[in-house]
Amino acid sequence: MKFETVIGLEVHAQLSTRSKMFCGCSTDYANSPPNTHVCPVCLGMPGVLPKANHKAIEYTIMTALALNCRIPDRTKFDRKNYSYPDLMKGYQISQYDAPIGVGGWMDVEGKRIGIERVHLEEDVAKLIHKGSCTLVDVNRSGIPLMEVVTRPDISTPEEAREFVGRLRIILQYLGVASGNMEEGSLRCDANISIRANGQGFPKVEVKNMNSLSGIYRALEYEERRQREAVEKGEKLVQETRGFSEEGVTFSQRSKEYASDYRYFPEPDIPPLALDRKWVEELRSCLPELPDSKKERLVKEVGLSPYQADLISSQKPLCDYFEICLTENKVKPGEVANWLLGEFSHQINQAGTDPKDCQVRPHMLCELIDLVASGKISGTSGQKVLGEMFQSGRGAEEIVQERGVYQITDEECVRAVACEVISQNQKAVQDFRKGKTQVLTFLVGQVMKKTQGRANPGLTANTLTELLK
Amino acid sequence: MKLSPDEVRYVAELARMSLTSEEVERFARGLSSILDSFDMLTEVNTDGVPPTTHPLSLQNIFREDIREPSLTLTDVVANAPQKEGGFFKVKPVL
Ligand SMILES: [Zn+2]
């Protein structure tokens, strides 16, 4: 059978405003005790008046523009009604038929994925399910939540993962959302169905995919499950399925996802007129986005496409990189190599953000300069960087203290080389018989004796000369 | 417009209400007469009247993104029939 897969995504992102969507409660609830960031509005008390957060509207317009959407003149909020304890009011304030952005697109690895809509709603309370009861923490309720809905243009689990990855980077560049999936700040649901020999089958909604790899694994599992069912002649049903960490999807037969939400216009919030001047102002303030950043890093800065891709897809690293460039001291390609290599290694190990780490851009550049000018070897440089991360001290200071300056003095290298030759007569004979690869071994011996400080090129030349 | 008992039961289920068959009959009658009243609106000629989503002529009522103090936990859970460790406690839903 010839199979095709059809996937559409709904991505929810909490916006990084300071206050909630319709009240002044703080959005900084991550490490707070339950129910300490709540007020009568987000508790859904009778008689309260929600008021829309101006910044949240701006962030949503900016995202919609970055995703090439059209921004209609008028938009409004609607009530989405359902009964579940994560909703204080019995309805969620959302947007139904007049979203803030419509009809956009995003290119993923050369393929254009249509964006159906971008709209704004409020996040719901967090539920903790215990066996005998459910506990409700309202802190999250009312956090501005932006939803990006794609057209069903995605045809593989890989594409789905790439889409969410790219979208997350765009949100980070715009500065409108952290995009942190582990903390639940970015969440993704997918609709997936298959076609077999051109015939379509019912679609399944997959929820709870809370990492990029989770998205891939869930959709890959679901694609396979649906294909196998069709091959075996089993009946597929339209349903909602959850995804477990064991990598399987399972049917969620609960009624909490009743699809009859009886939307109607939110009477407490007057409609919004999105003034063209406002929209154009926001458009002109959009920062450089990942794709054009990448292009510029290749064309103007001279990075390889590979380096540019890796650097531009990590916003904090990219910011750090660009500060390094202002130092004017070191070659961009070398900075990129260090950032993507030992620097990233250290950052990941320490679990910090480049902007918060002790090694400031000018300090890294100083280190790179020491290596580039041959004063210390690359291997020593890596060790020195490790120490800089530990102590926050400068490269020069560490190098002086540790005495790791590279030995470029020919006499010094020659003395050590002679010693190595006299101690390795077997290797020397092999070399003279034509086994030239023994040279690498001998260079290694010189390095060992000098704690890696001998200049490798000079060492190799000196040894070759002595062995003639 | 006549609302059938099945429709009443469906709406009640969405609202998590359980109705006796007597209540279903009563609400079917009551809701039908409410819908009839709304039907009167369809008799009005609305050609040339722009659609409205809101009765007031207000628009763009925003608040700036400024934090304001929240309630104390004591006040938040004061009216809760059941609570546990600062959480509201409800019947299990999973
Ligand atoms: Zn609040």
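## A salt bridge between the chains

Let's start where the two chains meet. In this predicted model, the interface of chain A and chain B holds one salt bridge. Its partners are E84(B) and K130(A), whose side chains come together with N and O 3.1 Å apart. Side chains of opposite charge can pair when their charged atoms come close.

Polar contacts add to the picture: 23 residue pairs are in polar contact between chain A and chain B, counting pairs with both residues at pLDDT 80 or more. On the chain A side, several elements each bring at least two residues to the surface that touches chain B, namely β2 (52-53), α1 (54-66), β8 (126-129), β9 (134-137) and β17 (272-273). The largest share comes from β9(A), with four residues. Sorted by kind, the residues on this side of chain A are 28 nonpolar, 15 polar and 15 charged.

## How much the chains share

How many residues of each chain take part in the contact between chain A and chain B? On chain A there are 58 of them, and they touch 33 residues of chain B.

The size of an interface is often given as the accessible area lost when the parts come together. Here, about 3900 Å² is buried between chain A and chain B, and carbon and sulfur atoms give 59% of that area.

## A sheet built from both chains

Now for a sheet that runs across the two chains. It is an open sheet of four strands, in the order β8(A)-β9(A)-β3(B)-β2(B), and the pairing is antiparallel. At its edges stand β8 of chain A and β2 (83-84) of chain B; each has a single partner strand, so one side of each has no neighbour in the sheet.

The join between the chains is made by β9(A) and β3 (residues 87-90) of chain B, which pair in the antiparallel sense over three bridges. Along this join, T134(A) sits opposite V90(B), and V136(A) sits opposite F88(B). On the chain B side, β2(B) and β3(B) also pair in the antiparallel sense, over two bridges, with K83(B) standing opposite F88(B). So what links β2(B) to β3(B)? The two strands form a hairpin with two residues between them, and G85(B) in the turn has a positive phi of about 55°.

## A sheet within chain A

Chain A has an open sheet of three strands too, with the order β5-β4-β16 and antiparallel pairing. Its edge strands are β5 (91-94) and β16 (264-265); each pairs with a single strand, so one side of each is left free of a neighbour in the sheet.

Take a look at β4(A) and β16(A), which pair in the antiparallel sense over two bridges. There, R79(A) stands opposite F264(A) in β16(A). R79(A) also forms a salt bridge with E266(A), where the closest N and O atoms are 3.0 Å apart. Because R79(A) lies in strand β4 of chain A and E266(A) in the loop between β16 and β17, this pair ties together parts that are 187 residues apart in sequence. Over all chains, the structure holds 37 salt bridges.

## Rings that meet

Aromatic rings pair up as well: there are seven aromatic pairs over all chains. One of them joins F22(A) and F77(A), with ring centres 5.5 Å apart. Why does this pair count as edge-to-face? The planes of the two rings are at 85°, and that is over the 60 degrees needed for edge-to-face.

F22(A) lies in the loop between β1 (3-14) and β2 of chain A, while F77(A) lies in the loop between β3 (74-75) and β4 (78-81) of chain A, so the pair ties together parts that are 55 residues apart in sequence.

Terms used:
Residues are numbered from 1 along each chain as its sequence is written. Chains are lettered from A and ligands numbered from 1 in the order in which they are written. This is a predicted model: local features need pLDDT of at least 70, side-chain atom pairs count only at pLDDT 80 or more; totals for chains, interfaces and linings use all residues. Side-chain values use heavy atoms; hydrogens and water are left out. Contact means heavy atoms within 4.5 Å. Buried area is the accessible area (1.4 Å probe) that two parts lose on being put together, summed over both. A salt bridge is a side-chain nitrogen of Lys or Arg within 4 Å of a carboxyl oxygen of Asp or Glu. A polar contact is a pair of N or O atoms within 3.5 Å; within protein, one must be able to donate a hydrogen and the other to accept it, and residues adjacent in sequence count only if both atoms are side-chain atoms. Ala, Val, Leu, Ile, Met, Phe, Trp, Tyr, Cys and Pro count as nonpolar, Asp, Glu, Lys and Arg as charged, and the others, Gly among them, as polar. Two strands pair if DSSP finds at least two bridges between them. Rings of Phe, Tyr and Trp (its six-membered ring) pair if their centres lie within 6.5 Å; planes under 30 degrees apart count as stacked, over 60 as edge-to-face and the rest as tilted.
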